[in-house]
Each structure stands twice: as structure tokens, then as C-alpha cells.
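The following exercises are to be worked from the coordinates, with a solution given step by step after each task.

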Amino acid sequence: MVPDLVISNATVYTVDGGRPSATSFAVSDGRIVALDKVEPGPRTEVRDLGGAFVMPGFVDVHSHHALAGREMFELRLSPADDLPRILAAVRKWAAGLGPDDWIVGGAWPSTLAPALLRESARHALDDAADGRPVVLIEDSRHNRWVNSRALEIAGITAATPNPPGGTIGRDPSTGAVTGLLIESAGLLVERARQATRPLTATQHADASRRAIAILHSYGITAFQDAAVSLDILRALKTLDDAGDLAAWVVSSMLVNDPIFGVEPVGEPLLKLAAGCRTPRHRPDFVKIFLDGTPPAHTAAFLEPYGGKPAMSPDELVSWLEIAAAEGLSAKIHCTGDAAVRATLDAAATLRAGGDHTTRIQVAHGQFVHPDDLRRFAELDVSADISPFLWTPGVIPTAIAQVLPARLADHMQPNRALLDHGALVAGGTDWPVSESPNPWLGIQGLVTRRDPNGVHAGVLWPEQAISLSEAIEVFTINAARACGLDDVTGSLTVGKSADFLVLDRNPFATPVDELARVTVDETWFAGRRVFRR
């Protein structure tokens, strides 16, 4: 076979244990057809890379690409912003809007929540918005801060009871509603906003297209969207039908929805999802929220503050069985160790019933009881370790404010999971993480320090892993966890030619400078989709 493309004179790191390195490879019809022994033809494009480092494209097992892409239409805040900066940004954004337009944006830092639990803070937001409704989302994307106009449109008053699984923030001094809405309490506002300010199908497609372009700039050529609506499914199908989907995408359909306010969810969504399958888009997972977040006291812990998983054991097993019957796998959101244990127990029931093929992912899994570490490998449950919570930062600081040090100082047992044989897969949880740059995560995995150098200290250094392991976490491991290892995750003959050209060899780079590794070129299916 005469190749279309030959990459030569390169330092090729394949992430394939059977053939870990090469100096050249050939591509035909978007797939790798040979390593080292390549014979170009008269029309073959030959790229001599002068020894540059080449590796597989990154696979992000936990992304919210469409949410990130929609930020082009929204007010962008930084998790480092304080209250005065947020109010100033709202005031500036409002000046360019009509009198009834919604102000939508984020993300404010979770450490700011106590300051927002005051009636005066809501009044300040009212003043900044000049009468317009406002909804600002917190860095975890689970909680919202809204103003008086938004509360009025949603019908939330001081007499409104807390909904199941949520809390309407009230000023401890006056009892007045503050606009701080925890978990499902934000659904009333979110549904009201979406009813009056819906995105068009074109905007949904543009958001996905824009997000994928950003992912390409960081070398991500495949990802699993961790929670999709029907609009997102249709946008991805639209892009692939038009030949514009330059990534492998796995979608996770919402079974329950405590935070997004979209319809449909559950079985109606599963039935519609099949029609959105395309060659590069695989709606192969369900998404189950089994708990919330530690700072909001909605995570399910064995101790200290307890909290029950959002589903009973029977209901969780039932959903796994429904997914399996449809040929689907499951991504299960677990931030507390009780939620992790409940997922492993449900997996044990499924495996005992003879199902050994359904993929099950514990998403986040910051806290795992030591007795449960071995069960990941035993039950073939993968650990989706995201967001970047293995280094000091805003979210770990917020968690430390609500948990005792014996727990807060022992997040993300990544070394222990690997040592127990678990499949550990890397996710960015972008835009929960400000950047989808896997090198930030890789440096954090290796050093357990903040790769940006902003937050001091080291978080549980004994859980550091090696550079080669960290690269596997964000390539072949993630591909295996979401079922894409048949097409990507390593530079292997027969797989898609998804590869990166880097500005340096990461193995010759000091570990505290890995976050500076830059992607010069990103190639997907043998076509260059990004060049710096």
C-alpha cells in the first residue's frame, strides 16, 4: 500500500507496549499502516521532523466540551475573582445588553459561597445588573448565584421550600433568600432561563465546533463528554454529517439531572440518542449523578457528615441493567467515598449476574476508602480521575474548609489505584478546570504540586505517579475506559493517525516544567487540524 503521508526522522513515543518507540511511520486513508519500515510513493507527502517528539493525541475521559464552547456567548469570570471583581464584570457586561436580556456566566470560586449567603450580596448583584436577570455558575458547575429578578422569574420566594437534593440559600440574620442556589435548587432558575433564552441549533453546533478547536490546540483528539443533552447529541451529529467533526467523541446521556435543567433525560433520551450515532460520535454511556460536591455538603461520605447516595442500591443496579440491555456503559459521578462504595457494590451485583463487558466508570472519586481500592480492578471498574484535584488549588481549598484534615489531605489516591491494578483514566472536567491542557494534569500527577505555581504546598505526595504512567492515563488508559481503544490512544498499526508534534521531549524536561510542554501540531485521522 502506497501511503498518503510519511512522518520521518522523529522521536516517536507510541504508548504501545508491544512497540514503544519508532523513528517513522506511514499513514494511508487516515490510519497508521507501518512503523519504521515505510516506503513512500511518488505522491506521498513526506514530513522530516528533525528529531521532534511525536506521541498519540490525548484522550480526555471527562469533558463538558459544549458547556465550554458556550462561553463564547456568556460572561467569563475567573475562579480567582473576588466579589468586587465579579460585580464589576457584571456591570460592564450588562452595559451591552437589552433591558430584559439574561446575564449568564461563570465561574465564581466555591470559596466565595459564605460571602454570597447574605441579602446584601444579592442587592449588590441587582445593582450591577441594572434590573436584568442574572445567573452565575460556581466553579464546580453544580451551584448558582442569581439576583432578585432571576428569582422572581423562577417563582422563588422566601416561602419556597428547599427542593429534594438542593438548598435555597437564606441570610442567617434576616432569613431572606440570598440568591445562592445549591444543586437542584438552581433548576427552577435554569429552566426559566432556557425557556426565555434558548440557544439555536446553529449555536449549539458552533459551541461544539469552537470547543473542539480549543481542544485541538492542546492536543486532544478524542474525548468523552460527561453529561450531554439532546441538543448536544444533535450538534455532534450535525458536525459529523457535514464532515466537520475532527475528533472521536463518546457521549454520556443524562439519567438524572440535578444541575443542568434539560429535557429529556433517562430512558426517553436513550431512545433518541441512537439516532445521533455517526462514524465519529458514539453515544455509548449513561451518566448517573450519585452525589454532589463536598463544599456544598452534598457529597455522600461514610463519615464525617454522612449523606446518602442519590439512588438506592436497587435503583442504581436497575439503571446499570437498563444501560447494559441497550449495549451502553455507565459513568457515575462520585465525589464522596460512600458514593464510590455504592457504585462498586452495584458493579459487584452486575458482575455476579454474568455481565463482564459493560464499562463502568467512577467519575472523580476524590475519596476512596482504603478497603475499596482493590475492588476497582477486581470488578473491572475504571477510575476517571478528574478534575485536577490532585494538586493544591481553589477547589481543594474549598473542600478543606468543610472536611477534617484526615480526609481533605488525602484526595485522589492515584498511586494506590494503579498499584492495585485499576484502570486509571485522565479527564480535565473542562470547563470546571480553567484549561483543558493535559500537561497541567500530567505535571500535577507527577509532582502533586500546583503546576501553575499559584497555590503553595503539596497534596499527598505519596500518591505521585511516573511520567510514563501519567501519559498513559491521558492516552491509552482513557481510550480504554471510554471504549475508543479500537481506534485511538496509541500509535499502533491499524489505528487512526491521531498524533502530536511537541516542542520538546517531555522525558528530557524537568518535572516541574512539564506544564510548559507545547503542542506544535495536532493531527487527526492523518489530517493536520492545528498548527501553532
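In sorting residues by character, Ala, Val, Leu, Ile, Met, Phe, Trp, Tyr, Cys and Pro count as nonpolar, Asp, Glu, Lys and Arg as charged, and the others, Gly among them, as polar. The model is predicted.

**Exercise 1. The largest cavity**

Task: Determine the volume of the largest cavity and describe its lining.

Solution. Step 1: a search of the whole structure for cavities of 30 Å³ or more returns two. Step 2: the largest cavity holds about 240 Å³ of space. Step 3: its lining comprises 26 residues, and S140, H142, H333, H364 and D429 are the ones nearest the centre. Step 4: the elements that contribute two or more residues to this lining are β17 (281-289) and α13 (394-400). Step 5: by character, the lining of the largest cavity divides into 11 nonpolar, 10 polar and five charged residues.

**Exercise 2. The second largest cavity**

Task: Establish which residues line the second largest cavity and which element gives the largest share.

Solution. Step 1: the volume of the second largest cavity is about 40 Å³. Step 2: the lining is formed by V362, H364, G365, V368, F376, A383, D384, I385 and L417. Step 3: two or more residues of it come from each of β19 (360-364) and β20 (381-385). Step 4: β20 supplies the largest share, three residues. Step 5: six residues of this lining are nonpolar, two polar and one charged. Step 6: H364 is listed in this lining, and H364 also belongs to the residues nearest the centre of the largest cavity.

**Exercise 3. The open sheet and its edges**

Task: Give the strand order of the six-stranded open sheet and explain why β9 and β13 each have one side without a neighbour.

Solution. Step 1: the order is β9-β10-β11-β12-β14-β13, with mixed pairing. Step 2: β9 (75-76) and β13 (166-170) stand at the edges and have a single partner strand each, so one side of each lacks a neighbour in the sheet. Step 3: at one of these edges, β13 pairs with β14 (residues 177-183) in the antiparallel sense, over four bridges. Step 4: within this pairing, I168 is opposite L181 of β14.

**Exercise 4. Two helices on the sheet**

Task: Locate α2 and α4 relative to the sheet, then classify their mutual packing.

Solution. Step 1: α2 (residues 83-94) lies across β9, β10 (103-108), β11 (134-138) and β12 (144-146), at about 155° to β10. Step 2: α4 (residues 119-129) lies across β10, β11, β12 and β14, at about 65° to β12. Step 3: the two helices pack at an angle of about 30°, and their axes are 7 Å apart. Step 4: angles under 35 degrees count as roughly parallel; α2 and α4 are therefore roughly parallel to each other. Step 5: the contact involves L87, V90, R91 and A94 from α2, and A124, L125, D127, A128 and A129 from α4. Step 6: these contact residues comprise seven nonpolar, no polar and two charged.

**Exercise 5. Backbone geometry**

Task: Place the cis peptide bonds G106 to A107 and W430 to P431, and the positive phi of V15.

Solution. Step 1: the bond from G106 to A107 is cis with omega near 10°, and A107 belongs to strand β10. Step 2: W430 and P431 are joined by a cis bond with omega about 10°; P431 sits in the loop between β21 (424-426) and α16 (438-447). Step 3: V15, a residue other than glycine, has a positive phi near 55° and lies in the loop between β2 (11-13) and β3 (21-22).

Definitions and conventions:
Residues are numbered from 1 along each chain as its sequence is written. This is a predicted model: local features need pLDDT of at least 70, side-chain atom pairs count only at pLDDT 80 or more; totals for chains, interfaces and linings use all residues. Side-chain values use heavy atoms; hydrogens and water are left out. Two strands pair if DSSP finds at least two bridges between them. Contact means heavy atoms within 4.5 Å. Axes are lines fitted to C-alpha atoms, for helices over the stretch in contact, and angles run from 0 to 180 degrees between N-to-C directions. On a 1 Å grid over the protein atoms alone, a cavity is a set of points where a 1.4 Å probe fits but cannot get out, and a pocket is an open set with protein on both sides within 12 Å along at least five of seven lines; lining residues have an atom within 4 Å of a point. Grid points are joined across faces, edges and corners, and a volume is the space filled by probe spheres set on the points. Angles under 35 degrees count as roughly parallel, over 145 as roughly antiparallel, 65 to 115 as roughly perpendicular and the rest as oblique.
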